[in-house]
Amino acid sequence: MAGLVDTLVGNLRYVARNLAVDARKAQIAEFLRTSWDAERGRLGLWAPVFLGAGAAGYLSLNHAPPFWLAPALLSTIAGIFFYYRDAARYLAPVALLALGSLCAEWRVMSVAAPIVQRELGIVTVEGRLIEIDESDKGRRLVIAPSKIDRIEKEQYPALIRIAWRGKDFSAKPGDIIRLRADLSPPPQPVFPGGYDFARQLYFRRIGAVGFAVTPPDIVSGERKSLGARLSSAIEIFRVRLARRITQSARGDGGAIIAAVVTGKREAVSDKAEAIFRNAGLAHLLAISGLHMGLATGLIFFVLRAALALNEKIALNYPIKKWSAIAALCSGAIYLVLSGHAWSAQRAFLMSAIVFLAVIFDRRALSLRTVAIAAFFIIIISPEAVLHPGFQMSFAAATALIAAFEFYSRRQDPSRSFEWPAILRRYFIGIVVTDTIAAIATAPFSLFHFSRAANFGLPANIISIPLMGFWVMPLSIIALFLWPLGLDAPVWRVAAAGVDIMLFVGVGIGQIPYAVSNISQWPVTALVALTLGGLWLCLMQSKWRIAGLMALPIASFLIAMHSAPQLFVAEDGDNAGVILRNVIGDKTLALYDRRKDRFAASAWMEASGIDPARSKSMRLSDFAPCDRDGCVINLRGVRIAISEFEIGLDDDCARADFVIALYPVAPFLRDDCAAPLIDRRDVWNNGAYSVFVSSDAKIRIRNTHDVRGDRAWATY
């Protein structure tokens with residue numbers, strides 16, 4: 001009897017457990033169904049995400065996929081959709097991925113132009129001057145060449161970029177000039193996975209860089225097309241305006257005003273950029289939503305207020321729409337004037353959508369505004385998705401508008417509109433928006449620059465009102481006064497506001513631990529955080545909280561990622577080793593400190609070392625060295641750096657790994673018992689990085705492994 005009771009009780013418990021599990025499954029299924037139904041109207045917000053993912057995937061591949069693949073996939077999806085309309089919701093993400101890949105493929109082909117494959121030395125260059133960027137150190141010229149010595153005409157790049165540090169010259173954009181310059185291919189990444197300058201220049205059609213050894217001489221010109229004359233006139237205007245600002249307001253204050261107004265940042269000193277970067281104010285140097293919003297918003301509100309002063313006009317005419325049209329036109333002018341960088345394009349598109357919504361009596365600010373702006377930019381310039389400016393700009397905009405939508409549904413309708421309450425909400429708004437923007441952009445800042453400003457909040461609380469109520473309004477006034485010649489004092493007063501920001505930035509930057517430096521992240525961690533952040537911002541039901549799962553996933557990926565311990569320069573004549581002292585601090589030890597200073601700075605940043613606070617050291621201070629090279633022990637691995645071939649046999653016999661800063665003959669390489677990287681390897685594959693694991697295993701990576709055989713890659 002007792003056994004029967006026990007059996008019955010056990011069966012009842014089993015049934016109860018199954019019923020509980022079934023109930024939980026039903027609850028979960030109902031939650032997912034309810035959440036999905038709530039999100040149906042917002043699925044379009046994911047369109048630019050899939051479009052951008054397709055473009056980024058295409059541009060990041062080592063080898064370009066077959067040109068017919070994306071069109072074939074789109075055609076197949078179109079055929080399926082024609083016969084099975086209900087399949088559209090499931091095939092749309094795949095179609096957008098294919099469309100993004102197709103846009104990137106088309107963009108790569110449309111901007112294709114010859115690239116200089118080797119160093120040409122000093123040659124005579126003749127061509128049309130397209131662009132000038134000026135600074136105290138000199139000028140940087142962009143030229144469309146019509147003649148270059150030592151190469152065939154079919155191999156001329158579409159554009160070349162040349163630095164000139166000599167005296168002033170009279171040439172202006174649109175002139176045909178001649179000069180002598182030392183030309184080289186576009187710079188490659190200084191370490192595998194580093195910033196790809198050549199890819200950025202490829203999409204600008206710049207196929208060679210260098211420096212001039214003679215000043216530009218104007219050649220008797222040729223007739224220009226209407227488009228060329230218009231482009232030259234705009235560039236001349238930008239150059240003259242930037243020059244007027246920097247001459248009226250000397251120092252970094254005037255240079256930053258010129259950068260904000262014209263987009264020309266060459267005059268901004270490295271010191272000022274570092275101050276803004278360390279204080280979390282770097283976003284103020286780029287033409288972004290803040291500047292575009294201020295430029296257009298001031299025009300909108302001032303014009304509307306002025307028209308409202310006339311009762312007859314205010315009551316009988318749509319002054320709000322008139323003001324929106326004027327603001328839209330001012331935004332377009334500002335976009336052209338500032339050089340239409342990606343952040344400026346995004347800001348203008350969003351501003352344009354806002355003012356068009358005002359004109360057509362629609363809701364002005366929403367996540368759809370951001371999605372439309374992103375979609376258009378990716379269609380036009382798909383390479384933007386890999387640029388940190390694009391990523392950080394849209395991350396901040398998406399997070400801020402998502403937070404605004406969340407707050408607007410919960411705000412108190414009885415809130416006070418007295419001045420103290422308005423001012424209190426304004427400063428609280430600065431704190432909240434800066435915190436949200438800092439959190440949203442932090443993953444991209446850490447990934448691309450391996451650094452983050454820890455005290456950006458107090459700096460922005462002071463600097464954003466200065467930019468909004470002092471710098472931008474005075475800059476707009478100065479622009480209107482420029483034709484009258486009355487602008488110089490106004491530029492100086494506006495620059496004084498920037499000087500206050502610099503003063504604040506210096507103070508913030510001197511606080512201990514003001515900047516955090518970390519080793520370079522893996523791409524997978526950034527992807528995880530990006531998807532998690534998008535899920536958190538674009539979804540509106542309770543399951544949006546699942547986006548926070550990206551934090552532990554990214555943390556795990558970062559923890560599992562190791563940074564390289566050794567770098568070999570892209571020209572193959574120098575190497576750097578990352579060493580730790582007894583308290584765990586990192587140091588970069590260079591074989592030759594006189595070479596590769598820019599590369600050394602990039603190696604330090606990728607390793608989590610602040611180059612502004614730590615200097616590179618000589619390898620001979622940490623390892624036994626002689627005139628033939630050095631030998632250093634890393635985690636039990638004996639690494640030899642050989643400078644002369646006379647010591648190669650000894651290094652190959654004694655070391656576990658050899659770096660030869662010269663080309664090694666094939667028969668000597670075959671005789672070397674240790675793995676070897678020589679200068680010929682670097683010429684063929686680009687810069688190298690070497691990883692040594694805790695169990696003394698060596699992993700080698702080179703630039704060619706990362707970039708592959710893409711159109712912008714030269715070795």
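**Close-up views of a helix pair and a sheet**

**View 1. Helices H2 and H13 pack against each other in this predicted model.** Helix H2, which covers residues 47–60, and helix H13, which covers residues 367–380, pack at an angle of about 25°, and their axes are 9 Å apart. Because angles under 35 degrees count as roughly parallel, H2 and H13 are described as roughly parallel to each other. The crossing in which H2 passes H13 is left-handed.

**View 2. Residues of H2 meet residues of H13.** On the side of H2, the residues in this contact are Ala-47, Pro-48, Leu-51, Gly-52 and Ala-55, and the residues they meet in H13 are Ala-371, Ala-374, Phe-375, Ile-378 and Ile-379. Sorted by character, the residues of the contact of H2 with H13 comprise nine nonpolar, one polar and no charged.

**View 3. Six strands form an open sheet with mixed pairing.** Read across the sheet, the strands follow the order S12-S11-S10-S9-S18-S19. Strand S12 (617–618) and strand S19 (698–702) are the edge strands, each of which pairs on one side only. In general, strands of a sheet pair through backbone hydrogen bonds, and this pairing is either parallel or antiparallel.

**View 4. Strand S11 pairs with the edge strand S12.** Strand S11, made up of residues 586–590, pairs with S12 in the parallel sense over two bridges. Within this part of the sheet, Ala-589 stands opposite Met-617, which belongs to S12.

**View 5. Helix H20 lies across three strands, S9, S10 and S11.** Helix H20 (residues 597–606) lies across strand S9 (566–568), strand S10 (575–580) and S11, and this helix runs at about 155° to S11.

Definitions and conventions:
Residues are numbered from 1 along each chain as its sequence is written. This is a predicted model: local features need pLDDT of at least 70, side-chain atom pairs count only at pLDDT 80 or more; totals for chains, interfaces and linings use all residues. Side-chain values use heavy atoms; hydrogens and water are left out. Two strands pair if DSSP finds at least two bridges between them. Helices (H or I, at least four residues) and strands (E, at least two) are DSSP runs, numbered from the N terminus. Contact means heavy atoms within 4.5 Å. Axes are lines fitted to C-alpha atoms, for helices over the stretch in contact, and angles run from 0 to 180 degrees between N-to-C directions. Angles under 35 degrees count as roughly parallel, over 145 as roughly antiparallel, 65 to 115 as roughly perpendicular and the rest as oblique. A crossing is left-handed if the near helix is turned anticlockwise from the far one by less than a right angle, and right-handed if clockwise. Ala, Val, Leu, Ile, Met, Phe, Trp, Tyr, Cys and Pro count as nonpolar, Asp, Glu, Lys and Arg as charged, and the others, Gly among them, as polar.
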